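Notebook open, coffee poured. I wanted to see how some strands and helices sit against one another, so here is what I looked up.

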Amino acid sequence: MRLARRLWTVYGGYALGFASLFVLWHLASTYLVGSVLFPPPTVVFKKGLLLAENGVLLAHLAASLQRILAGFVAGSLLGIPIGLAMGSFHPVRKLLEPYTEFLRFIPSVAMITVAVIWFGIGEASKVFLIIYTTIFIVILNTAAGVSAIAPNKIRAAESLGATRAQVFFHVALPATVPYILTGMRLAMANSFTTIVAAELIAANDGLGKMLWDGRLFMLVDEIFVSLVTLGLLGFVTDRMFRWSIYTFAGKYSPAGG
Amino acid sequence: MPLVSFRDVQKIYRSLQGADYPALEHFSLDIEVGEFFCLLGPSGCGKTTVLKMLAGFEAPTAGAILMEGRPISGASRDRGVVFQGDDSLYGWLTAVENVEFGLRMRHVPKAERRERAMRYLELVGLRGQEQKYPAELSGGMKQRIQIARVLANEPTMLLMDEPFAALDAQTRTLMQTELAAIWQATRTTVLFITHDIDEAVTLGRRIGVMRAGPRSQVKGVVEVALDGARSRTDDTFLRYYKQVYEMIRDEVAKSLSRTD
């Protein structure tokens with residue numbers, strides 16, 4: 001009973017929110033539109049279950065997720081050291097700012113064209129696009145984090161006898177972790193936008209391809225299955241990201257001091 | 001030989017518009033080994049500049065700052081600093097980890113540094129709080145961590161930049177009493193910056209009163225011949241308070257009427 005109460009206080013709001021979303025969707029689809037072009041949730045879930053059972057949905061989902069993960073991890077691993085260097089050394093910032101300030105205004109969706117020309121329609125072009133969409137957000141957040149370190153934190157370490165390298169590894173780096181994590185979280189959200197756009201245009205599988213096929217063959221319910229899956233997948237990965245921050249890096253959590 | 005000696009020090013700050021502001025000019029001051037020196041002055045008189053230069057965070061424009069006869073070059077662990085705010089604490093480390101930071105940087109073995117950190121946490125009255133993070137502690141407790149962190153590092157001298165200014169009146173009074181007791185026990189040389197006459201008379205062995213800026217200097221030094229615990233209601237205490245007050249009154253008026 002007490003567990004139920006706790007679960008309710010933690011997840012009750014979410015459950016109600018999601019429920020109301022589906023109720024509104026149902027009402028809108030059945031009474032407001034009343035067309036096959038806007039199927040109600042029941043139809044979509046039935047179709048989703050079917051696609052899940054025959055493995056089609058899972059195959060598309062796995063394809064998209066794999067691309068996102070590969071590009072996201074590579075983009076973060078590249079972006080963090082670049083951001084740290086830009087935040088720590090003024091000449092490096094001056095040198096690299098033209099790149100970051102120029103390239104971040106070219107949306108990854110626009111880069112699909114060259115990605116396909118350079119890397120073909122295989123995995124390489126998708127991973128390239130996810131790296132592209134990840135790296136600038138991670139760089140900018142990391143560099144901002146380094147610049148936001150209170151000067152007194154550095155001064156205190158120097159007066160306590162820390163060397164320059166120790167100041168970097170024991171003060172600058174841990175103080176920047178919350179900013180890095182925030183950058184990665186934002187990059188993760190952007191990765192979803194990019195992967196769908198890329199798969200819409202050129203791919204043999206993935207949730208974006210599923211959307212495109214649905215449009216091609218007028219399988220409206222299949223389009224909706226893909227859309228709902230994207231929403232849920234984004235929601236779940238973001239929650240997992242937050243959860244792992246709180247669990248494994250609680251003291252570095254962006255919310256805490 | 002004094003432990004610290006400022007000789008004819010000048011510090012000029014340049015604003016973004018390119019205008020020069022001479023904060024200090026012909027500033028001279030000696031601090032003796034083992035004394036508790038309070039530097040008192042109206043706001044904006046450059047007293048924090050004095051501390052920053054001695055700490056090695058900023059270099060003087062002209063003149064010399066010597067410690068044990070050698071010129072200061074950069075920050076060093078023989079001058080431990082207690083900052084006014086709590087932004088110098090490491091939020092990702094617990095109280096005891098903050099205190100042993102300096103020892104860890106010097107690769108003191110874990111058991112030894114933990115033991116020493118705990119001893120200093122006890123000295124500042126933080127026993128039982130060692131596993132808490134700074135965000136979980138009150139303003140007064142955070143200043144205690146800063147003091148313990150500096151003491152555990154065993155510096156030659158302590159530089160304190162209005163360390164209690166952000167605390168409420170009750171906590172401030174308590175912290176002053178405790179700091180006086182800690183100083184009695186350790187006899188570390190202290191340079192204590194404050195704008196509070198009461199605080200200066202409570203803590204200082206000598207009180208240096210500064211002129212209002214720009215081109216600030218030490219106007220005069222008052223020796224406080226009070227020993228042990230000082231009482232604010234004591235006649236002698238009030239006499240010193242008055243003496244210092246007379247010296248600083250005009251400077252405060254000058255600093256308020258400044259038009260820049």
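**Entry 1, a parallel pair.** I began with S3(B) and strand S8 (residues 189–194) of chain B: the two run parallel and are joined by 5 bridges. Note to self: this is a predicted model. For a specific pair I checked Leu40(B), and its bridge partner in S8(B) is Thr194(B).

**Entry 2, another partner of S3(B).** I then looked at strand S9 (residues 206–210) of chain B, which also runs parallel to S3(B), with 4 bridges between them. Here Leu39(B) stands opposite Gly208(B) of S9(B).

**Entry 3, burial of S3(B).** Is strand S3 (residues 36–40) of chain B mostly covered or mostly open? Mostly covered: I find 5 of its 5 residues buried. I sorted the side chains by direction too. Phe36(B), Cys38(B) and Leu40(B) point one way, Phe37(B) and Leu39(B) point the other way, and all are buried. That fits the textbook picture, in which side chains of a regular strand alternate between the two faces of the sheet.

**Entry 4, the open sheet in chain B.** Next I traced an open sheet of 4 strands, ordered S2-S1-S4-S5, with antiparallel pairing. Which strands stand at the edges? Those are S2 (20–31) and S5 (70–71) of chain B; each has a single partner strand, so one side of each is left without a neighbour in the sheet. I zoomed in on one edge: strand S4 (residues 62–67) of chain B pairs with S5(B) over 2 bridges, in the antiparallel sense. Across that pairing, Leu66(B) stands opposite Pro71(B) of S5(B).

**Entry 5, a helix across the strands.** I followed helix H1 (residues 47–55) of chain B and found that it lies across S1 (4–14), S2 and S4 of chain B. Relative to S1(B), helix H1(B) runs at about 115°.

**Entry 6, two helices in chain A.** Over in chain A, I took helix H7 (residues 151–159) and helix H8 (residues 164–201), which pack at an angle of about 160° with their axes 10 Å apart. Angles over 145 degrees count as roughly antiparallel, so that is what I call H7(A) relative to H8(A). I noted the crossing as right-handed.

Which residues meet there? From H7(A) I listed Lys153(A), Ile154(A), Ala157(A) and Glu158(A), and from H8(A) Val167(A), His170(A), Val171(A) and Ala175(A). By class, I get 5 nonpolar, 1 polar and 2 charged residues in this contact.

Definitions and conventions
Residues numbered from 1 in each chain as written. Chains lettered and ligands numbered in written order. Predicted model: local features only at pLDDT ≥ 70, side-chain atom pairs only at ≥ 80, totals over all residues. Pairing = 2+ DSSP bridges. Contact = placed C-beta atoms within 7 Å. Axes fitted to C-alpha atoms, helices over the stretch in contact; angles between N-to-C directions. Buried ≥ 20, exposed ≤ 12 C-beta atoms within 10 Å, placed from the backbone. Parallel < 35°, antiparallel > 145°, perpendicular 65-115°, else oblique. Left-handed = near helix turned anticlockwise from the far one by under 90°. Nonpolar A, V, L, I, M, F, W, Y, C, P; charged D, E, K, R; others polar.
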